[in-house]
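Biologist: Please take a close look at a single part of this model, and set out what surrounds it.

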Amino acid sequence: MGLEMARGRALKTATRSFRKSPDDAQRAPIAKLNLPGPKAELRFPVGQASRAFYRRFWPGTGPAEWNDWRWQMRSRIRTLDELARIFRLSEDEYAAVSRHQGALPVGITPYYASLMGLTDAHEALRRTHIMTGDEYLRGAGEDDDPLSEDHDTVAPGLVHRYPDRVLFLTTGTCSTYCRYCTRSRLVGNPGGEYHFSTRQWAEAIAYLEAHTEVRDVLLSGGDPLTLSDDKLDWLLTRLRAIPHIEFLRIGTKMPVVTPQRVTRGLIRVLKKHHPLWMSLHFTHPNELTREVTEATARLADAGVPLGSQTVLLKDINDTPETMTTLMHGLLKNRVKPYYLYQCDPIRGSAHFRTGVDKGLEIIKALRGHTTGYATPIFVIDAPGGGGKIQLAPDPVAGRDGDFLLLKNFEGDVYRYPDPNGTLGR
Ligand code: SF4
């Protein structure tokens, strides 16, 4: 079956199924893994700020609970009352949270909240997770699905846009909800977050089995690491059994916002399915804590190559200094800075978007001034489903006869012999 036919036929069903989200795990039982118990998680570090935070807001909680990622998920801050118990909310925040309905609710794990400003409504991480009135304004060119993912959906949760790779939306649940999320239309839907469904996954897997051109699967969502170890293992095993799939990636923010998720049990699962890569969603240097260092070290030690994805956000991380600190910190944590994204034009996100020139300014400040490993690729995901388009400062200064003129990172011009070239004419 041709891809276009598949797209046309499956789109409606796919979107509907994703939202309906029955949990029919019983239909396809998943073997239980023999995993270490909670005592093992006592060895996970707890930073001083975290300890002071949970003693203040969750008195009676000990390190074993705090380090239990399921406790973090259960204890997420979800309501106005819970927010107001912990943060001194501004009037704007209070009003915005009060009137919110629908997908992309407030959701913050206690650990991630411990990194946020409790009294300063302008603090960077807090701004990315507590809504404000700006979210209700619709800017020019904004859309609920700016990347036209629904159009390219070929089976429930499966987006096939590029020739040899697919995006597999495994769940609509995240441990924290970013206010600028590209999939804000899908994640944290009302009436219960999207639940795991083996039946839906089976449809996506059947499509992948039939499409031998697919060699690369990116598991995303939602956040795939909100799935249990058993379910993740089941899914990875099914995908690994497809001979033409060479490359598996997981896109996740969990190791950043809920680093306790990187348990020894999870590591055992991941190690079974190599080659497996991971893209970690980082926003700001304040996220680089002892806990995150432990999580990334466990992943790197397990042989999982780590890359980062960062969204450029106005007044949050849009200075060369902040971005350089973040990129250096990532390298120290064995994470290769991979993508810097211009913020997608989802509805109500104008207050997060910088001019495109800001991203180029940051790349210019990094390139040549620090190691190339610390310089991510700056991209715009083209609205309408055009895919990622890379932007970089143009180093070509012109041509002088047989010589190409090139600008270096300090703006000095150098001559390169290029008698057969046309570039720069
Ligand atoms: S973690 Fe990812 S999928 Fe979840 S809300 Fe944030 S950006 Fe969206």
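**Helix 14 and its setting**

Modeller: I begin with an open sheet of 10 strands, which has the order 1-2-3-4-5-6-7-8-9-10 and mixed pairing. Strand 1 (153-155) and strand 10 (387-391) are at its edges; each has a single partner strand, so one side of each has no neighbour in the sheet. Strands (E, at least two residues) and helices (H or I, at least four) are DSSP runs numbered from the N terminus, and two strands pair if DSSP finds at least two bridges between them. Residue numbers start from 1 along each chain as its sequence is written. The model is predicted: local features need pLDDT of at least 70 and side-chain atom pairs pLDDT 80 or more, while totals for chains, interfaces and linings use all residues.

Within the sheet, strand 3 (residues 165-169) pairs in the parallel sense with strand 4 (residues 216-220) over 5 bridges. In strand 4, S220 is the bridge partner of L169.

The part I examine closely is helix 14, residues 320-332. Its 13 residues should span 18 Å at 1.5 Å a residue (1.5 Å times one less than the number of residues), and the end C-alpha atoms are 18 Å apart, in agreement with this. M323, L326, M327, G329 and L330 of helix 14 are buried (20 or more other C-beta atoms within 10 Å of their own; exposed means 12 or fewer and partly exposed in between, with C-beta atoms placed from the backbone). These buried residues cover an arc of only 160 degrees around the axis, which puts them on the same side of helix 14; the arc is that of the directions from the helix axis to the C-beta atoms. An α-helix has 3.6 residues a turn, so residues three or four places apart point the same way.

On the face turned away from this buried side, helix 14 carries the exposed residues E321 and K332. The buried residues pack against strand 7 (306-312), strand 8 (336-342) and helix 15 (356-366), a contact being two C-beta atoms, placed from the backbone, within 7 Å. Just after helix 14, R334 takes a positive phi of about 65 degrees.

For contrast, I add a loop residue. H273 is found in the loop between helix 12 (264-271) and strand 6 (276-281). H273 counts as partly exposed, with 17 C-beta neighbours inside 10 Å. Leaving aside residues up to four places away in sequence, H273 touches L236, R240 and L248.
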